[in-house]
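The following paragraphs offer a guided reading of a protein model for a reader who meets it here for the first time. Please keep the sequence and the structure in view while reading.

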Amino acid sequence: MHYTLISTDSAAAALASTLSALSAQDLIAVDTEFIRVREYYPKLALLQICIPGDDIYLVDPLSCSLTEILPALLHTRAKILIFSGREDLEILYQYAQALKVDNFIPQRLCDLQLMAAFANHSYGRGLFTLVKDFCGVELNKEQTLSDWLARPLNEEQLRYAALDVAYLPAMYADLDALLDARRRRFFELQMREFAEDAAHEDDPLYCYRHVAAAGLLNERDLTVLQYICAKRLEFAREHDEALNRVITTRALCELARRKPATSEGLAACQVKWGSIREYGAQMLSWITEAVKLPVRHDLPLPDEFFSHKRELQGQNNKIKGFVEHQLKEARMHPQLGGGRKAVYELYLARYEGRPGWLEQSWRRELLGPLDDLLDLTVIENERALRQQAQ
C-alpha cells in the first residue's frame, strides 16, 4: 500500500489543489488521529485522506499548515466518506473556526458505520469488523493507543493510519449496493441531521439537561445543578480541561443534592481527590453561589425526566416495539429507532409542545402519527403540577 506523507506547506498546497479539482462524482475518505486525554478540545495529530485512483495522503498538522487543505476539504463537491466520524467532524469544526473557514462541515457526508445500519447490516460495529466483513481483511489494531503527537511518527503508525481510510471507498460501494432508493433517501436525510449535530455546541445554560438522573431532582436541587453544570462547562472551555477532570459527571447530581461545603463533602459526592486538590476551592465557590440563587420554576425539564415515570413503562415498551417492528419491515436496523431514550424524548417533546425526534425527517414518513400510542394523561398531570408550583 502506497501513501504520501504531507509535511511541508508546498505539499499541502498541492494537495489542496487536487482536492479542489474533484467533481461531484468523486469520493474522498477522511479520518483523523487525535489526542484528547486531559483537554476539552481535541488536538489533531494527523489527517488521513484517501482519493480513490490517486493516493492516500497523511497530512501532518504539526509540520505544515492547514490553511489551504481544510477549506478545500470543507468546500469540495466530492462525497466525503467517514467511519464513526462524529469526533472527526468535531475536530474539523474546531479547526475551521480557528482558521475562519466559512464552511465548518462538508456538505456531502457519508458515515459508513451509520450507512451499515440503513443497509440492515449492523449497528455500531467497529471499522475492524466491517473491513473484515466487506473486504476480507483483518486490520492490525496495535497502534490504536499510540502517542500520535510524538514525532517522528514511525512506519507502523503511518501504515496503521493509512489503512483507516484505504478500505472505505470499497466498503461504500458494497453498502450502497445494499440500499434501495427509499433507504438511500432516508440515509441521506439522516446524514443532514448528523452534520447539523456535529456543528452544534452545547449551551452552558442547558447542559444540565443531559446529566443522567437529573430528572429525579426537585426544583431546588435542579437549580443548583444547572448552575454547577454551566460553570463546569465554561471553566473547561476557558482552561481547555476535560470536563471529567474538573468534576466527574457522575458526581454532579450528588453535589446538587448534598451541596457540600468542605473537601470531605465533595469526596462523599464521588468527586475524585485529584480534582478536589486542583479545583476543590472553585467547586465549593460554585456551590456556595448556587445555593444563594432563587429556586428556578422555569427551567426546562431534563432529557430523561419521563424515563422515571413508572406508569409509562408498559406503554413505552409498546412504542419501542412498534418503532422496531416498522424498521425491521423496512429492512433497516431496529436500533436506528433510538430505543427507549427516543420514547422518553417523545414525551418530553409533547410536554414542550414541539415535534419529537421520532416525528421528524425520515422517521415521520416511516412511522406515521404517534399520538394514539402515547399516554397523554401523564403529560397533562405533569403540566398541572408545574403550574401549581409556580
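Leaving aside its neighbours within four places in sequence, with which residues is His-333 in contact? The model is a predicted one, and in it His-333 contacts Ala-117, Asn-120, Ser-122, Tyr-123 and Leu-327. The residue itself is found in the loop between α14 (313-329) and α15 (339-352). His-333 counts as buried because its relative accessibility is 15%, and the cut-off for that class is under 20%.

One of these contacts, Asn-120, deserves separate attention. Asn-120 belongs to the loop between α4 (112-118) and α5. Its phi is positive, at about 60°, although the residue is not a glycine. With a relative accessible area of 38%, Asn-120 is partly exposed. A comparable description applies to Gln-270, a residue other than glycine whose phi is near 75° and thus positive. Gln-270 is placed in the loop between α12 (263-268) and α13 (273-291), and its relative accessible area of 42% makes it partly exposed.

The loop between α5 and α6 contains Pro-152. Arg-151 and Pro-152 are joined by a cis peptide bond, with omega at about 5°. The reader may now turn to helix α6 itself, which comprises residues 155-166. Its N-terminal end is capped by Asn-154, a side-chain oxygen of which lies 3.0 Å from the backbone nitrogen of Glu-156.

The length of α6 can be checked by simple reasoning. The helix has 12 residues, and at 1.5 Å a residue it should span 16 Å; the expected span is obtained from one less than the number of residues. The end C-alpha atoms of α6 are 16 Å apart, so the expected span and the model agree.

Which residues of α6 are buried? They are Gln-157, Leu-158, Tyr-160, Ala-161, Ala-162, Leu-163, Asp-164 and Val-165. The cover over these buried residues includes the strands β1 (3-6), β2 (27-35), β3 (43-51) and β4 (55-59), together with the helices α5 (127-135) and α7 (168-178).

Aromatic rings form a further topic. A pair of aromatic rings is described by the distance of the centres and the angle of the planes. The structure holds 10 aromatic pairs. Through ring pairs, Phe-118, Phe-186, Phe-187 and Trp-362 are linked into a cluster. Charged side chains also lie over ring faces: Lys-141 is placed over the face of Phe-128, at 4.6 Å from the ring centre. Arg-363 likewise lies over the face of Trp-357, at 3.9 Å from the ring centre.

The cysteines remain to be considered. How many disulfides does a search of the whole structure find? The search finds 0. Cys-229 is in no disulfide, and the nearest cysteine sulfur, that of Cys-207, is 5.0 Å away. A disulfide requires a pair of cysteine sulfur atoms within 2.5 Å, so the distance of 5.0 Å between the sulfurs of Cys-229 and Cys-207 does not qualify. Cys-253 is also in no disulfide; its nearest cysteine sulfur belongs to Cys-229 and is 7.6 Å away. Are these two residues buried or exposed? Cys-229 counts as buried, at 2% relative accessibility, and Cys-253 counts as buried at 5% relative accessibility.

Note on methods
Residues are numbered from 1 along each chain as its sequence is written. This is a predicted model: local features need pLDDT of at least 70, side-chain atom pairs count only at pLDDT 80 or more; totals for chains, interfaces and linings use all residues. Side-chain values use heavy atoms; hydrogens and water are left out. Helices (H or I, at least four residues) and strands (E, at least two) are DSSP runs, numbered from the N terminus. Buried means under 20% relative accessible area, exposed over 50%, partly exposed in between (1.4 Å probe, protein chains only). Contact means heavy atoms within 4.5 Å. Rings of Phe, Tyr and Trp (its six-membered ring) pair if their centres lie within 6.5 Å; planes under 30 degrees apart count as stacked, over 60 as edge-to-face and the rest as tilted. A charge sits over a ring if NZ of Lys or CZ of Arg is within 6 Å of the ring centre and within 35 degrees of the ring normal. A polar contact is a pair of N or O atoms within 3.5 Å; within protein, one must be able to donate a hydrogen and the other to accept it, and residues adjacent in sequence count only if both atoms are side-chain atoms.
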